[in-house]
Amino acid sequence: MNKHKHHIIAVAVAMLISVTLYAAHTNQARLSLLKPLIKYNTPFSTEISTDSITVWEKLLEPELEEQQHYSLLFQLKLLTVRALITEGHFSLAIDKANSMYQKAKEMSYPLGTALSLQAIGNTYLNSSTPLAAIESYKEALEIISKVPDVDQYAKTILTCIILTKLKFWQMANIEADIRQLESLSNKDKNLGDVFLS
């Protein structure tokens, strides 16, 4: 009986802390905390739980849509899929990735479509279907290669392809993938040299 009371108190305290954190952040503060996670493609940090990412995505979506920050919106959706995978909610991650893809298609938004395919690839990868993951990443790369000024996304997708191939011993064309990644990285370095001179 005593253990049961302690458990109830612990749950109540956790809920209170969660509600307080939820109320304490404005959308601007939430975005500030989420941007480093989006930049480094990681679904967790010391400041934000994976649960918070999924809740905040729902809160931020209407504002990002209204302000037409579609790039950030789809990056946040991709991060949410990764958070759901990290939490072990695979069916929710698959649903989120598929709805993300449908939304991008309805909007005719190629960057969103590519990021959605990356999210779908992530769900395949985490359900132990690496060949399907690689195909999804390749399709994302094909789409993103036609969008101007998105080399950072192409590098992330290429990294997903290379790491998946290495992990699952799928070595077909891996040299070409590595050369393409090196080419994009060298392009960035050359651009940096232009700014420094």
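Q: With which side chain does the side chain of K165 make a polar contact?
A: In this predicted model, K165 lies in helix α8. Its neighbours, leaving aside residues up to four places away in sequence, include I134, K138, M171 and I174. The polar contact of the K165 side chain spans 2.6 Å, and the partner is the side chain of D177.

Q: What kind of pairing do the side chains of D177 and K165 form, and at what N to O distance?
A: Side chains of opposite charge can pair when their charged atoms come close. A salt bridge requires a side-chain nitrogen of Lys or Arg within 4 Å of a carboxyl oxygen of Asp or Glu. The side chains of D177 and K165 meet in a salt bridge, with an N to O distance of 2.6 Å.

Q: Which helices hold D177 and K165?
A: The two residues are twelve places apart in sequence, and the pair links distant parts of the chain. K165 belongs to helix α8 and D177 to helix α9.

Q: Is K165 buried or exposed?
A: A residue counts as buried when its relative accessible area is under 20%. D177, the salt-bridge partner of K165, has a relative accessible area of 10% and is therefore buried. K165 has a relative accessibility of 3%, so K165 too is buried.

Q: How many salt bridges does a search of the whole structure find?
A: One of them joins E57 and K96, whose side chains meet at 2.9 Å, N to O. Another joins E61 and K103 at 3.8 Å, N to O. The search of the whole structure finds seven.

Q: How many residues apart in sequence are E57 and K96?
A: Both E57 and K96 are buried. E57 is in helix α3 and K96 is in helix α5, and the pair links distant parts of the chain. Their separation in sequence is 39 residues.

Q: Why does the pair of E61 and K103 tie together parts that are apart in sequence?
A: E61 has a relative accessibility of 19% and counts as buried, because the limit is under 20%. The pair ties together parts that are 42 residues apart, because E61 lies in helix α3 and K103 in helix α5.

Q: Which residues are joined into one network by salt bridges that share partners?
A: The side chains of E57 and K96 meet in a salt bridge, as do those of E61 and K103. Salt bridges that share partners join these four residues with two others. The network consists of E57, E61, E65, K77, K96 and K103.

Q: Which residues have the most contacts inside the largest nonpolar core?
A: The largest nonpolar core has 30 residues. The elements that give two or more residues to this core are α4, α5, α6, α7 and α8. Apart from it lies another core of 13 residues, among them I38, L64, L72 and A83. Within the largest core, the residues with the most contacts are L111, L115, L141, I144 and I157.

Q: Which residues make the nonpolar surface patch of about 460 Å²?
A: One member, W169, is found in the loop between α8 and α9. W169 has a relative accessible area of 70% and is exposed, because the limit for that class is over 50%. The patch is made by L163, L166, W169 and M171.

Q: Near what value is the phi of Q68?
A: Most residues other than glycine have a negative phi. Q68 is in the loop between α3 and α4, and is exposed with a relative accessible area of 55%. Its phi is positive, near 60 degrees.

Q: Where is D149 found?
A: D149 is a residue other than glycine with a positive phi, near 60 degrees. D149 is exposed, with a relative accessible area of 74%. Its place is the loop between α7 and α8.

Q: How many helices and how many strands does the protein have?
A: Read along the sequence, the pattern is α-α-α-α-α-α-α-α-α. The count is nine helices and zero strands.

Q: What percentage of the 197 residues of the protein count as buried?
A: The protein exposes about 11,800 Å², and carbon and sulfur atoms supply 59% of that area. Among contacts between residues at least 6 apart in sequence, 54% join residues at least 24 apart. The buried share of the 197 residues is 37%.

Methods
Residues numbered from 1 in each chain as written. Predicted model: local features only at pLDDT ≥ 70, side-chain atom pairs only at ≥ 80, totals over all residues. Heavy atoms only, no water. Patch = residues over 30% accessible without salt bridge, like charges linked within 9 Å, V, L, I, M, F, W, Y side chains within 5 Å. Areas by Shrake-Rupley, 256 points an atom, 1.4 Å probe, with all protein chains shown as cover. Helix = DSSP H or I, 4+ residues; strand = E, 2+ residues; numbered from the N terminus. Buried < 20%, exposed > 50% of the residue type's maximum accessible area, 1.4 Å probe, protein only. Polar contact = N/O pair within 3.5 Å; in protein donor to acceptor, adjacent residues only side chain to side chain. Contact = heavy atoms within 4.5 Å. Core = buried A, V, L, I, M, F, W, Y, C linked by side-chain atoms within 4.5 Å.
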